[in-house]
Amino acid sequence: MSFERIREKLNILADAAKYDVSCASSGSNRKNTNKGLGNATSMGICHTYTQDGRCVSLLKLLLTNYCIFDCAYCVTRKSNDIKRAAFKVQEVVDLTVNFYRRNYIEGLFLSSGIFKSADYTMERLVAVAKKLRLEENFNGYIHLKSIPGASDALMREAGLYADRLSVNIEIPTKSGLKALAPDKNHSDFIKPMEKVKNEIIQYKSEKKIIKSTPKYAPAGQSTQMIVGASGENDMQIMYTSNQLYKKFNLKRVYYSGYIPISYDKRLPVIGTEVPVLRENRLYQTDWLLRFYGFDIRELLNKSTPNLDLDIDPKLSWALRNLQLFPVDVNKADKMLLARVPGLGMLSVNKILNARRFRALNWDHLKTIGVKLNRARYFITCNSKDFETKDYTAAQLKNVIVNSSNSKYKTAFTGQLTLF
Amino acid sequence: MQQTILTYDGTFNGFLTCIFSCFEQHIKHPIITPNQNFENELFGTPELVITEKKKAERVWKGLNQYLGTAGQNMIYRTFLSELHGIENIMLNVINYTFSAKKNILTDYSDNDVLTLSKTAQKVNREKHRMEAFVRFQLTKDGIYFANVSPDFNVLPLIKTHFTNRYADQKWIIYDLKRHYGLFYDLNSTETITINFDSNTPKKELFTTEEAAYETLWKTYFKSTNIEERVNMALHIKHVPKRYWKYLSEKYL
């Protein structure tokens, strides 16, 4: 096979795979065995970044972009008139190993359009991973897509070679899915997730008894939802996400702002702006759930079904709960500090450590790195100075928004000056 | 009273010997600086401290007692920053440690401790960047070769990572700024220096396969980008321009 042909395939099949957001290479701690090639570091490494600012950690490819399905939101849907291509198993293996040896990548992310049947497709994905692990003695990171409907035996094998398995929900609501992907069922996505979750639990408990039990998908599983394609509100998206985390022990849920790729009347028209800001607010909410001890009902509920776009979700929660503030940074416990706008987890830990040596004042907080432009309205410290004005939530929001330099600021003020 | 100036050979052990001398001779507020950096513009007479491994080890052990391995690591990484005047910040923190007789590295409200912790963090970030941005090219001798010029002297820190990862291929990572490199020969990783012959054209050094994979990598880099979301400010924040010259996907 000629170099030019490989290059063309790489062009088509990397382009088709780029809508998968996940590029994480973290969470697995695979060692290099028998002087083989590679290992996986638990923190992951981003080897470069694309011009859109996304991390490139894995060689992200589709095995093929032939597909028997016709999901409206997907660029490889069968009714779409695009160039099609397919890699041979050995071609993917060669690309991965040679890129890896040059320190371009952490490993492989392999997905695929569905050709012939689920099993036929899954078998080929597994064959690539198997060849890499057994023939090339490759210990780098491998992320495989679980193909909905593949047999249990294949799924089990996949988890033994891969570090992470994922299946994309894509559309957060059942009704949305029905409208955009009539061939697919909600349960098609749920079943493989359930399966992987159970296998992980089973292998983990066996490993406690028999140490030589192999690891099953050590970096867990993840999924992705498209934002802004089928008209759901933030509450629907985040409640689905919250459920997925709880029910299937997912490591990550990714949110992907919909990029218009179709003239289909069911979808936003081509040229519509990608909702990057909304996506950003969803990720912030996701972080508040996983690391800051928030309950989803505090952030999104029937009276506030959508996130504010002009301020971050923690600040909008704080403005709704002004009665809880101010808190004393020298006394408050960790979880309360984590709820103060302008305090990230890094600052919180620094404060907890530093305040054991002396009571902290404004100067200390500033040098530690606390964002005082937001935080100062919500805290007191070892100083006679503190915010004494009694702001209402709306006033305070105004003061903070006007004193901060959000990169999105122009987006809002720009709109106002138009009228 | 004149301020004492201590110069040392630029090695970490040399620096620790200086610390030892400060304690032994009750030198109160010295300036510690590597002798190659020393310029006579400073007032006072420089005193060259001869590196003694035993003295260095005593200081190192003493630090371990209060700061533990993690704390020692922070001190070492700060030293590798090679920043002008960093020795004196480190001296202050070490003095503070021995007088407090406990781990004070989390006292972020102390200016010297905070500077040290921030510097260690910067060095860490550079280490991580080097683990990411090294781009090997396969030479005709079958060695995977990479040039780097990191902001800080991080080669000693990335040695383990690359040795563990690329156990079945020979490789060299060469620091052009500091004129030394790491060479892994399939058994162990050693420090080397190379005299480059700048007249040899690139084509003669590397395999033809090398050029092909570089092209494939560029192809991949281009097609994995989403045009509709281009955000160059973010791109440059993650991949600062000073690293571009060694990144094959960013060559012009």
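This section describes the central sheet of chain A, the elements that pack around it, the contact with chain B, and some local backbone features. The structure is a predicted model.

Chain A contains an open sheet of six strands in the order β3-β4-β5-β6-β7-β8, with parallel pairing. Because β3 and β8 (252–257) of chain A stand at the edges, each with a single partner strand, one side of each is left without a neighbour in the sheet. From one strand to the next, the twist averages 20 degrees. Pairing of this kind is a matter of the backbone, since strands of a sheet pair through backbone hydrogen bonds, either parallel or antiparallel. Towards the β8 edge, strand β7 (residues 221–227) of chain A is joined to β8(A) by six bridges, the two strands running parallel, and A:Ile226 stands opposite A:Ser256 of β8(A).

Two helices of chain A lie against the strands β3 and β4. Helix α1(A) packs on the sheet, touching β3 and β4 of chain A, and its direction makes about 100 degrees with that of β3(A). Helix α2(A) likewise lies across β3 and β4 of chain A, but runs at about 165 degrees to β3(A).

Strand β5 (residues 141–145) of chain A is mostly covered, five of its five residues being buried. The side chains of A:Tyr141, A:His143 and A:Lys145 point one way from β5(A), while those of A:Ile142 and A:Leu144 point the other way, and all of these residues are buried. With strand β4 (residues 107–111) of chain A, β5(A) forms four bridges in a parallel arrangement, in which A:Phe109 stands opposite A:His143. Between these two strands the chain passes from β4(A) through helix α3 (residues 118–135) of chain A to β5(A), in a β-α-β crossover that is right-handed. With strand β6 (residues 164–166) of chain A, β5(A) pairs in the parallel sense over three bridges, and the bridge partner of A:Lys145 in β6(A) is A:Ser166. Here too the connection is right-handed, as β5(A), helix α4 (residues 152–161) of chain A and β6(A) make a right-handed β-α-β unit.

The contact between the two chains takes 44 residues from chain A and 39 residues from chain B. On the side of chain A that touches chain B, at least two residues each are supplied by α1 (3–17), β1 (48–49), β3 (58–62), α2 (89–101), α12 (345–354) and α13 (362–368) of chain A, and α1(A) gives the most, with seven residues. By class, this side of chain A has 19 nonpolar, 15 polar and 10 charged residues. The elements α1(A), α2(A) and β3(A) thus appear both in the description of the sheet and among the contributors to the contact with chain B.

Helix α12(A), also one of these contributors, has the buried residues A:Ser347, A:Val348, A:Lys350, A:Ile351 and A:Ala354. These residues cover an arc of only 165 degrees around the axis, which puts them on the same side of α12(A). An α-helix has 3.6 residues a turn, so residues three or four places apart point the same way. What covers the buried residues of α12(A) includes α11 (334–337) and α13 of chain A.

Chain B, the partner in this contact, has eight helices and eight strands. Its C-alpha atoms fill a box of roughly 65 × 45 × 40 Å, taken along the principal axes, and of the 252 residues of chain B, 33% count as buried. Among the contacts in chain B with a separation of 6 or more, 69% are made by residues 24 or more positions apart.

Several loops of chain A carry notable backbone geometry. A cis peptide bond, with omega of about 0 degrees, joins A:Phe325 and A:Pro326, and A:Pro326 is placed in the loop between α10 (313–320) and β9 (327–328) of chain A. Positive phi values in residues other than glycine include that of A:Ala217, near 40 degrees, and that of A:Asn249, near 50 degrees. A:Ala217 is found in the loop between α6 (186–209) and β7 of chain A, and it is buried, because 28 other C-beta atoms lie within 10 Å. A:Asn249, in the loop between α7 (234–248) and β8 of chain A, counts as partly exposed, with 14 C-beta neighbours inside 10 Å.

Notes:
Residues numbered from 1 in each chain as written. Chains lettered and ligands numbered in written order. Predicted model: local features only at pLDDT ≥ 70, side-chain atom pairs only at ≥ 80, totals over all residues. Buried ≥ 20, exposed ≤ 12 C-beta atoms within 10 Å, placed from the backbone. Pairing = 2+ DSSP bridges. Right-handed = clockwise from strand over helix to strand, strands pointing away. Contact = placed C-beta atoms within 7 Å. Nonpolar A, V, L, I, M, F, W, Y, C, P; charged D, E, K, R; others polar. Arc of directions from axis to C-beta. Axes fitted to C-alpha atoms, helices over the stretch in contact; angles between N-to-C directions.
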